[in-house]
Amino acid sequence: TKLDFPISFEGFPREHTQDVLNLYADALSYVDFQLGKIFDYLKESGQWDRTLIIISGDTGQAFYEHGFVARGNNLFEETIKVPIMFKVPGHKGSIVKTFMEHIDIPPTLFHFLNIAGHPSFQGQNVFEKKDNKSPIFLVSHAQGLKYAVIVNGWKLIYNQTTDDFFLFNLRNDPGEVNNLQFTELEIRDELFGYLRDWISSQVHYYKNARKFKESYPPHYRLKKPDAL
């Protein structure tokens, strides 16, 4: 398709957002077609029933939902939510609603392969997660340093570069329209405490190469949610 408007990772005319969305859908359709060719080959060669497949995306994509485009530059839902699918021999299809991160893939994969998880894994087997109270932490280094934490339906984004906060109740506001940082101060402060603790533990470990030989990466587990 030949475009009659400028487009780049930095943006495009807002009036052409639907056109760009259509192009994005075309790209996804192409990927889907190529995956179908791989799946057909596995079935035709008799390998389908003994092949474990994991499909996911690296990031989401923004189309001016929060005033910006592209991906990896902010931590709103449109840029961090991606699908993940497991095709496991001998397992029936099901939908797991528990939040999952990419660091959860290795321990979940080991679960399917009946292999004991390694203590270096910072993620969790998604089938051992009892609820969505395990915190999810996110980092973006593009266009300023940003952190986020999601716990029990609440999400806090902290822009360290500008010292700004965004607090959202994802259960009631999945589109992240209402910033509640000034009306839910107790929740904001509690989430920021989790975020500070996590950042401190990660930096303390990874800035010292000697620790790599002495211990495994730190695991952060929520002790007791108070305000949440």
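Two strands pair if DSSP finds at least two bridges between them. The model used in these exercises is predicted.

**Exercise 1. Find the strands that pair with β7, and describe the turns.**

Step 1. Take β6, residues 146-151. It pairs with β7 in the antiparallel sense, over six bridges. V151 stands opposite W154.

Step 2. Look at the connection. β6 and β7 form a hairpin with two residues between the strands. N152 in this turn has a positive phi of about 55°.

Step 3. Turn to β8, residues 164-169. Six bridges join β8 to β7, and the two run antiparallel. Here F166 is the bridge partner of I157.

Step 4. The hairpin of β7 and β8 has four residues between the strands. D163 takes a positive phi near 60°.

**Exercise 2. Is each face of β7 buried or exposed?**

Step 1. In a regular strand, side chains alternate between the two faces of the sheet.

Step 2. Sort the residues. W154, L156 and Y158 lie on one side; K155, I157 and N159 lie on the other.

Step 3. Both sets are buried. That makes six of six residues in β7.

**Exercise 3. Classify the ring pair of F76 and F166.**

Step 1. The whole structure holds 16 aromatic pairs. In this one, the ring centres are 5.5 Å apart and the planes meet at 70°.

Step 2. Planes over 60 degrees apart count as edge-to-face. The pair is therefore edge-to-face.

Step 3. Place the partners. F76 is in the loop between β3 and α2, F166 in strand β8, 90 residues apart.

Step 4. Check accessibility. Buried means under 20%, so F76, at 8%, is buried. F166, at 30%, is partly exposed.

Terms used:
Residues are numbered from 1 along each chain as its sequence is written. This is a predicted model: local features need pLDDT of at least 70, side-chain atom pairs count only at pLDDT 80 or more; totals for chains, interfaces and linings use all residues. Side-chain values use heavy atoms; hydrogens and water are left out. Buried means under 20% relative accessible area, exposed over 50%, partly exposed in between (1.4 Å probe, protein chains only). Rings of Phe, Tyr and Trp (its six-membered ring) pair if their centres lie within 6.5 Å; planes under 30 degrees apart count as stacked, over 60 as edge-to-face and the rest as tilted.
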